[in-house]
Structure formats: structure tokens, C-alpha cells
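Biologist: Hi! Could you open the model and talk me through it?
Modeller: Happy to, here it comes.

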Amino acid sequence: MQAEAEGWIGEIEDIDLTLTFLRAKRDETRRRAQRPAVHLGSPACRRPQESE
């Protein structure tokens, strides 16, 4: 491998770490896409309370 021949071992490790991170994010996104959405509704407007 040219990267090893050129002494770019640190760069290879960084790329591997980035790929691992991106794969984990992809998997998390796929899991979240399988969950149903939760409807929280619209917040109700409240009138300010009168001070005593």
C-alpha cells in the first residue's frame, strides 16, 4: 500500500476512525428512521396572570 510505503500511518488511522464514526452515525440514523414520529401538538397560549 502506498500510504504505508510513504509513512502515512497516522493518516490511515484517522481515515479509519472517521469511517467508523460515519458508519455509526449512518446506523443510528437508520434506527431512528424506523421509529414512529411523536406528535407533540401545538403549545396553548396562556394569559398572563394578574399580580395580587
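Modeller: Let me start with one residue: Glu 28 is partly exposed, at a relative accessible area of 24%. Keep in mind that this is a predicted model.

Biologist: Okay, which side chains does Glu 28 meet in a salt bridge?
Modeller: Lys 25 is one of them, with 3.9 Å from N to O. Arg 32 is another, and there the N to O distance is 3.0 Å.

Biologist: How far apart are Lys 25 and Glu 28 along the helix?
Modeller: They are 3 residues apart in helix H2, so about one helical turn separates them.

Biologist: And what about Glu 28 and Arg 32 in helix H2?
Modeller: Those two are 4 residues apart in H2, so again the separation is about one helical turn. Taken together, Lys 25, Glu 28 and Arg 32 are linked in a network of salt bridges.

Biologist: Are Lys 25 and Arg 32 buried or exposed?
Modeller: Lys 25 counts as partly exposed, because its relative accessibility is 42%. Arg 32 has a relative accessible area of 51%, and because exposed means over 50%, it counts as exposed.

Biologist: Nice. How many salt bridges does the count come to?
Modeller: The count comes to 3 salt bridges. Besides the network, Arg 26 forms one with Asp 27, where the closest N and O atoms are 3.5 Å apart.

Biologist: Why would side chains like that pair up?
Modeller: In general, side chains of opposite charge can pair when their charged atoms come close.

Biologist: How exposed are Arg 26 and Asp 27?
Modeller: Arg 26 is partly exposed at 39% relative accessibility, and Asp 27 is also partly exposed, with a relative accessible area of 33%.

Biologist: Changing topic: which residues gather in a patch of negative charge on the surface?
Modeller: That patch is made by Glu 11, Glu 13, Asp 14 and Asp 16. Glu 13 lies in helix H2, which covers residues 9-34.

Biologist: And which residues form the nonpolar patch on the surface?
Modeller: Ile 15, Leu 19, Phe 21 and Leu 22 form it, and together they have about 390 Å² of accessible area. Ile 15 has its place in helix H2 and counts as exposed, with 52% relative accessibility.

Biologist: Let's zoom out. How many helices and strands does the chain have?
Modeller: There are 2 helices and 0 strands.

Biologist: What is the radius of gyration of the chain, and what would a compact globule have?
Modeller: The chain has 25 Å, whereas a compact globule of 52 residues would have a radius of gyration near 10 Å.

Biologist: What does the C-alpha trace span along its principal axes?
Modeller: The spans are about 80 × 30 × 10 Å.

Biologist: What share of the chain do buried residues make up?
Modeller: Buried residues make up 2% of the 52 residues. The accessible surface of the chain comes to about 5800 Å², and 52% of that belongs to carbon and sulfur atoms.

Biologist: What about the charges over the chain, how far apart are their mean positions?
Modeller: The chain has 9 positive and 10 negative charges, and their mean positions are 15 Å apart.

Biologist: Back to positions along the chain. Where is Gln 34?
Modeller: Gln 34 has its place in helix H2 and counts as exposed, at 68% relative accessibility. Gln 34 and Phe 21 are 13 residues apart in sequence, and their C-alpha atoms are 20 Å apart in space.

Biologist: Where is Arg 47 found?
Modeller: Arg 47 is in the segment after H2. At 78% relative accessibility, Arg 47 counts as exposed.

Biologist: And how far is Arg 47 from Asp 16?
Modeller: From C-alpha to C-alpha, Arg 47 and Asp 16 are 56 Å apart in space, with their positions 31 residues apart in sequence numbering. Asp 16 is one of the residues in the patch of negative charge.

Biologist: Great, thanks for the tour!

Technical notes. Residues numbered from 1 in each chain as written. Predicted model: local features only at pLDDT ≥ 70, side-chain atom pairs only at ≥ 80, totals over all residues. Heavy atoms only, no water. Patch = residues over 30% accessible without salt bridge, like charges linked within 9 Å, V, L, I, M, F, W, Y side chains within 5 Å. Areas by Shrake-Rupley, 256 points an atom, 1.4 Å probe, with all protein chains shown as cover. Salt bridge = Lys/Arg side-chain N within 4 Å of Asp/Glu carboxyl O. Lys, Arg positive; Asp, Glu negative; His and termini not counted. Charge placed at Lys NZ, Arg CZ, Asp CG, Glu CD. Buried < 20%, exposed > 50% of the residue type's maximum accessible area, 1.4 Å probe, protein only. Rg over C-alpha atoms; globule rule 2.2 N^0.38 Å.
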